[in-house]
Amino acid sequence: MKISDELFPYFMKAGQQIHYHKNDLIYMQQDDAQNLYVILNGRVRVFIVNSMGDVVDFATLSKGEIFGDSSFLQNSYRPTNVQAVRETDLISCQINDLYPYLTESKELNISLLSMLTQNCNYLSDLVKKAYTYNRYEKVAAFLVEKAATLHIRMKK
């Protein structure tokens with residue numbers, strides 16, 4: 001989910017702009033989750049490294065997308081790694097600094113709640129596929145997702 005450009009000023013007031021170079025790590029798994037990030041421009045890659053050392057990509061995010069939502073919870077840790085795919089500018093803000101603006105903007109509240117819901121649904125879907133799909137259903141689901149991704153890219 002992308003936030004509208006009209007909401008960027010709230011994040012700018014609550015946080016600070018940071019520039020990352022291509023391949024810079026923004027945060028790593030198990031880091032303290034203290035900041036929420038909004039992408040001003042560029043792209044980031046969200047991934048994990050499992051216990052066997054395999055890299056599993058979750059998403060590539062771009063302008064207007066928010067990540068780091070684990071910072072909404074007190075004393076939580078990052079479940080993923082995030083890395084700049086190319087030159088990237090972000091707004092980084094601590095959730096406590098964003099709270100005053102949540103009372104000012106209904107749209108900001110709705111956007112953040114929608115993002116959290118979307119992330120929850122995405123993760124639930126991954127668990128469902130991992131534990132309830134047989135191998136044929138997993139392949140079919142993968143092909144459908146790839147086809148949808150290609151269709152979206154071709155439209156742009």
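# Why the labels fit

Visitor: What makes glutamine 30 count as exposed?

Guide: Its relative accessibility is 56%. The rule is a simple one: buried means under 20% relative accessible area, exposed means over 50%, and partly exposed is in between, using a 1.4 Å probe and the protein chains only. Since 56% is over 50%, glutamine 30 is exposed. Before we go on, this is a predicted model, where local features need pLDDT of at least 70 and side-chain atom pairs count only at pLDDT 80 or more, while totals for chains, interfaces and linings use all residues. Residues are numbered from 1 along each chain as its sequence is written, and side-chain values use heavy atoms, with hydrogens and water left out.

Visitor: Where does glutamine 30 sit, and what about its phi?

Guide: Look in the loop between E2 and strand E3 (35–41). Names like these come from DSSP runs, numbered from the N terminus: helices are H or I with at least four residues, strands are E with at least two. The phi of glutamine 30 is positive, about 75°, although the residue is not a glycine. Most residues other than glycine have a negative phi.

Visitor: Which category fits asparagine 23: buried, partly exposed or exposed?

Guide: Asparagine 23 has a relative accessible area of 49%, so it is partly exposed. Its loop lies between strand E1 (16–20) and E2. Asparagine 23 has a positive phi too, near 75°.

Visitor: Why is asparagine 81 called buried?

Guide: With a relative accessible area of 5%, asparagine 81 falls under the 20% limit, so it is buried. You'll find asparagine 81 in strand E7 (residues 81–84).

Visitor: What makes the link between the side chains of asparagine 81 and glutamine 29 a polar contact?

Guide: A polar contact is a pair of N or O atoms within 3.5 Å; within protein, one must be able to donate a hydrogen and the other to accept it, and residues adjacent in sequence count only if both atoms are side-chain atoms. The two side chains are joined at 2.7 Å, which is within 3.5 Å, so the label fits.

Visitor: Which category does glutamine 83 fall in, buried or exposed?

Guide: Glutamine 83 is buried, because its relative accessible area is 15%. Glutamine 83 also belongs to strand E7. Its C-alpha atom is 5.4 Å from that of isoleucine 26, although the two residues are 57 residues apart along the chain.

Visitor: How do you know that E4 and E5 pair?

Guide: Two strands pair if DSSP finds at least two bridges between them. E4 and E5 have 7 bridges, in the antiparallel sense, so they pass. Within this pairing, isoleucine 48 stands opposite valine 56 in E5. The hairpin of E4 and E5 has 5 residues between the strands, and glycine 53 there takes a positive phi near 90°.

Visitor: How many bridges join E4 and E7?

Guide: There are 4 bridges, again antiparallel. Valine 46 has valine 82 in E7 as its bridge partner.

Visitor: What makes E2 and E5 edge strands?

Guide: The open sheet has 4 strands in the order E2-E7-E4-E5, paired antiparallel. Strand E2 (25–27) and E5 each pair on one side only. From one strand to the next, the twist averages 30°.

Visitor: How do you know that E3 and E6 pair?

Guide: They are joined by 2 bridges and run antiparallel; at least two are needed, so they qualify. In E6, phenylalanine 67 is the bridge partner of tyrosine 37. Both strands belong to an open sheet of 4 strands, ordered E1-E8-E3-E6.

Visitor: What makes a space a pocket?

Guide: On a 1 Å grid over the protein atoms alone, a pocket is an open set of points with protein on both sides within 12 Å along at least five of seven lines, whereas in a cavity a 1.4 Å probe fits but cannot get out; lining residues have an atom within 4 Å of a point. The largest pocket here holds about 1,700 Å³ of space. It is lined by 40 residues, and those closest to its centre are Phe58, Ala59, Thr60, Leu61 and Tyr122.

Visitor: Which element gives the largest share of that lining?

Guide: H3 does, with 10 residues. Strand E4 (43–49) and helix H4 (135–155) are among the elements that each supply at least two.

Notes. Points joined across faces, edges and corners; volume = space filled by probe spheres on them. Axes fitted to C-alpha atoms, helices over the stretch in contact; angles between N-to-C directions.
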